[in-house]
Amino acid sequence: MTLATSATSALSRDSASHSPGSVRTTSGGELSLRRLYVLRFGYLFMGGGLVVVKWPSFVAHHGSWPLYEGIVECILLAMSILALLGLRYPVKMLPILLFESLWKLTWLAVVALPKLLGSGLDAATTEKFTTILFVVVILAVIPWGYVVRQFLAASGDRWR
């Protein structure tokens, strides 16, 4: 390959990564800057929401929680910290968004849907149902093509 063809192919690769049809990934398979900011919005939505809703009660709480409530509160605190870390490392923290989506979709399918199809949702389930539906924001910001390429289609790490 000559210097001229090398420069031409590099230029075409660079312009392809900025064309309107490829706003999601660059030619090297990495996420575009725009896509990274969309991901960061998802982390801010998730982490910031937990900071506003959960941190005040966590900080103001005195004494001990009932067992399962304490577990949930601590998990949500850890999730909020990891989501805020996703603002700095949006690609590396993708598993946090996947975990958030997976548990919420599982809850909707296993808990809410049977009640909805059966006797209907009680007040407590309805309250949780409406807050858990915000998972659509997280589902919308996840770069699903990238997730498939990196976590499902790519070879796994070696075992030995």
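A salt bridge is a side-chain nitrogen of Lys or Arg within 4 Å of a carboxyl oxygen of Asp or Glu. Aspartate 122 and lysine 115 fit that description, because their side chains meet at 3.6 Å, N to O. The model is predicted.

**The fold in outline**

The chain has 160 residues. Its secondary structure comes to 8 helices and 0 strands. Read from the N terminus, the order is α-α-α-α-α-α-α-α. Of the residues, 25% count as buried.

How much of the contact pattern links residues 24 or more positions apart? Among contacts with a separation of 6 or more, such pairs account for 65%. The accessible surface comes to about 10,900 Å². Carbon and sulfur atoms hold 69% of that surface.

**Salt bridges**

The structure holds 3 salt bridges. Here they are, with the N to O distance for each.

| Acidic residue | Basic residue | Distance, N to O |
|---|---|---|
| Glutamate 73 | Lysine 54 | 3.3 Å |
| Glutamate 100 | Lysine 104 | 2.8 Å |
| Aspartate 122 | Lysine 115 | 3.6 Å |

Take the pair of lysine 54 and glutamate 73, whose side chains meet at 3.3 Å. Lysine 54 lies in the loop between α2 (33–53) and α3 (55–60), and glutamate 73 lies in helix α4, so the pair ties together parts that are 19 residues apart in sequence. Are these two residues buried or partly exposed? Lysine 54 has 22% relative accessibility and counts as partly exposed. Glutamate 73 has a relative accessible area of 8%, so this residue is buried. The cut-off for buried is under 20%.

Next comes the pair of glutamate 100 and lysine 104, at 2.8 Å. Both belong to helix α5. They are 4 residues apart, which means about one helical turn separates them. Glutamate 100 is buried, and lysine 104 is buried too.

Now return to aspartate 122 and lysine 115, at 3.6 Å. Aspartate 122 has a relative accessible area of 38%, so this residue is partly exposed. Lysine 115 is at 31% relative accessibility and also counts as partly exposed.

**How α5 meets α8**

Two packed helices are described by the angle between their axes and the distance between the axes. Helix α5 covers residues 94–117, and helix α8 covers residues 144–153. Their axes come within 12 Å and cross at roughly 110 degrees. Why does α5 count as roughly perpendicular to α8? The class of roughly perpendicular spans 65 to 115 degrees, so a crossing of roughly 110 degrees belongs there. On the α5 side, Leu94, Pro95 and Leu98 make the contact. On the α8 side, the contact is made by Trp144, Tyr146, Val147 and Phe151.

**Two residues of helix α4**

Helix α4 runs over residues 67–85. Alanine 83 lies in this helix. At 0% relative accessibility, alanine 83 counts as buried. Which residues does alanine 83 touch, leaving out those up to four places away in sequence? They are Tyr43, Met46, Gly47 and Ile96. Alanine 83 and arginine 40 are 43 residues apart along the chain. Their C-alpha atoms are separated by 9.1 Å.

Isoleucine 71 is also placed in helix α4. At 38% relative accessibility, isoleucine 71 counts as partly exposed. This residue is part of a nonpolar patch on the surface. The patch is formed by Leu67, Tyr68, Ile71 and Ile75. Together they have about 450 Å² of accessible area.

Key
Residues numbered from 1 in each chain as written. Predicted model: local features only at pLDDT ≥ 70, side-chain atom pairs only at ≥ 80, totals over all residues. Heavy atoms only, no water. Helix = DSSP H or I, 4+ residues; strand = E, 2+ residues; numbered from the N terminus. Buried < 20%, exposed > 50% of the residue type's maximum accessible area, 1.4 Å probe, protein only. Contact = heavy atoms within 4.5 Å. Areas by Shrake-Rupley, 256 points an atom, 1.4 Å probe, with all protein chains shown as cover. Patch = residues over 30% accessible without salt bridge, like charges linked within 9 Å, V, L, I, M, F, W, Y side chains within 5 Å. Axes fitted to C-alpha atoms, helices over the stretch in contact; angles between N-to-C directions.
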